[in-house]
Amino acid sequence: MVTLNDYAPIVGPEVIGQLQRLAERLKDRRFVHINSTRTGGGVAEILSRAVPLLNQMGLTTTWEVIQGDPTFFEVTKAFHNALQGHEVRLSPAQLQHYEEVNRENARKFTWEADYVLVHDPQPAFLIKVMRERARHWVWRCHIDVSRPNLKVWKYLREIVSRYDASIFSMAQFAQNLPHPQYLIRPSIDPLSEKNREITPEEIDQVLNRLGIERDRPLVLQVSRFDSFKDPVGVIQAFRMVRKHVPCKLILAGGEATDDPEGPRIFAEVMEAAEGEPDIQVLLLPPDAHHEVNALQRAADIIVQKSTREGFGLTVTEAMWKGKPVIGGAVGGIVLQIRDYHTGFLVHSPEGCAFRIRYLLHRPEMAQRMGRLAREFVRQHFLITRNIRDYLTLLTLAENPGSRTIEL
Amino acid sequence: MPVERAVAFDYDLPAKDPFWFRECFLMTMPLGRKAVNLRELLQTLKEVDTEVLHYHLLQSRLAVTQPVVEYPNDFALWAATALQDVKLAEKLSSFDPLEYEDLEQVRQAMVDILEDYLWDLPNVPWARPGFEFHFCMASMVVIRAEIPASTLREFCHALGKVGLDSVYYHFFEARRRHGSRQVDDFSFWIENNFGLPELVQAIRDIDLYFYTLKEVRDTLLQLILEHLGEICGYPE
């Protein structure tokens, strides 16, 4: 089992000391996380690591998962899409079903807590039936809600307003709510399969298995085949680069199975890549963490040419591996990449092509950017910072109304 | 490196009161309000809690510390990157909130700059889509780091080890606590325990607004080295 001290060589013993001092004051508090899945997705990934660590630090932390039928998850998927701005229609019967499934879960839950952190909309309704089971209720929204569908948001807002506080990943996602809103940036776990250090031999094994030869510089984009990730734009950029500099492009990712446009985008990508032997498109299963790790470490330049992005953890992962990243100037990518310092921000395939060429011709600049990028992630986007934020939040929750708490 | 000003000083002279380093943990609190153009920025700054100004002018350097200080506050950075108005970014970069007695004065000074600037413009500058200004403030938890320093040697050693949040707390936030833009916790402690007026003045003369927190720490350690002539245990 990974322990808090395993992170000391990565973040420094002083950071571990800080966490322990913060946690000491919250010793034996009961802290419950609730979400809707034990596996798959970034939330489950972080919780699976954060919950044992919080327990090691002395907080009695548990992780509850609500159960639902396919109809329930259809409704919550519609919530998700609507919060991201899509037009969706939900009937009163569907909303009733959402509420009923939450009530059923509430009947089965036996926990009592000092703090409960409810992740995303799926279990949000629980507060209506379980309010007295915890002293502090906090809603954690992991979704890009910068422009939510108004009807759905009005419905959810009425529920979310009952919480004592809410947490968003970016300032632009914050809403008009009657309680304190906090910002907690997403994070990556440097010891996870996707991010842990791996040997050159392990990297070679993965590349051999995937049939990738390292005879030219590798340019990589890891993302779902989804129009907002603009894989076709990346291919356009690559074709422009190839006129001047020899290199290879790898597009790796899963198909967006919950996106009706997924197969169409994938077909477009295959068509755009046709006849170009130096482009490899890899359709990877969702648990191909080791492969993604190896690909990112093997790449010379990593691209994330999104046209819309919540936070962009693939950028964080690439930066952590000391790679220069060229990212679309949108969402959380702007927060992570400082032009010319920790990477390049681009607005078009032409811009992307230009920056790829720039970095291919200036490997020393690429290395410097990668070094700065890794340090930036070390300071701001690792799981230890996420845990520190949780502990700070719980401390603040115990002292409502105080802006500065001296312990 | 030998320094001319170095004087013989007993690094192990015990202080009357040990220095207790504090750690501070900032939680950013977005308001859910944004400005899409310069006029909206101005209007909102007139309305919001002054803590919002405090956050965007000073505290935000603790939230996401950039590797370099290109623009020293969020408003200047926004003018440059979102409005793409470098002239305004220059004006806002030169604005030093520590020159004012309180945050109400800071607000008035910011409002004056923006009103003057807008007055002469034919059009209101708009932010690029996706680059709107999102207003925030912050809450803070402060705890004792359990790293006391009883001598200047211990102080130097600890300063090299504590987190940058601690540097922020003792060097930036301290000025509000002391009610003086001149006085930070470090120089206050040195003055009260060891005298050393030249060193105290040199610390108070640091042009802190243009330094990253790491640079502030390095500068402090360098000043102590210059004035007292010993490396004082700070790792190279």
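Which strand of chain B is joined to strand 13 of chain A, and how many bridges link the two? In this predicted model, the partner is strand 2 of chain B, and the two strands run parallel with three bridges between them. One of the pairings puts A:I405 opposite B:V141.

That link is a good way into the contact between the chains. Here 28 residues of chain B touch 35 residues of chain A. On the chain B side, the elements giving two or more residues are strand 1 (19-35) and strand 2 (133-149). Strand 1 of chain B gives the most, with nine residues. As for chemistry, the chain B side splits into 14 nonpolar, eight polar and six charged residues.

Now over to chain A, which has an open sheet of six strands. Reading across it, the order is 9-8-7-10-11-12, with parallel pairing. Strand 9 (279-283) and strand 12 (343-346) sit at the edges, each pairing on one side only. Ignoring direction, neighbouring strands in this sheet are turned by 20° against each other on average.

Strand 12 of chain A pairs with strand 11 (residues 325-328) through four bridges, in the parallel sense. Within that pair, A:G327 has A:L345 as its bridge partner.

Here are the two strand pairs side by side:

| Strand pair | Bridges | Sense |
|---|---|---|
| Strand 11 and strand 12 of chain A | four bridges | parallel |
| Strand 13 of chain A and strand 2 of chain B | three bridges | parallel |

A helix also packs into the picture: helix 12 (residues 313-320) of chain A lies across strand 7 (218-222), strand 10 (301-304) and strand 11 of chain A. Helix 12 of chain A runs at about 165° to strand 11 of chain A.

Notes. Residues are numbered from 1 along each chain as its sequence is written. Chains are lettered from A and ligands numbered from 1 in the order in which they are written. This is a predicted model: local features need pLDDT of at least 70, side-chain atom pairs count only at pLDDT 80 or more; totals for chains, interfaces and linings use all residues. Two strands pair if DSSP finds at least two bridges between them. Axes are lines fitted to C-alpha atoms, for helices over the stretch in contact, and angles run from 0 to 180 degrees between N-to-C directions. Two residues are in contact if their C-beta atoms, placed from the backbone, lie within 7 Å. Ala, Val, Leu, Ile, Met, Phe, Trp, Tyr, Cys and Pro count as nonpolar, Asp, Glu, Lys and Arg as charged, and the others, Gly among them, as polar.
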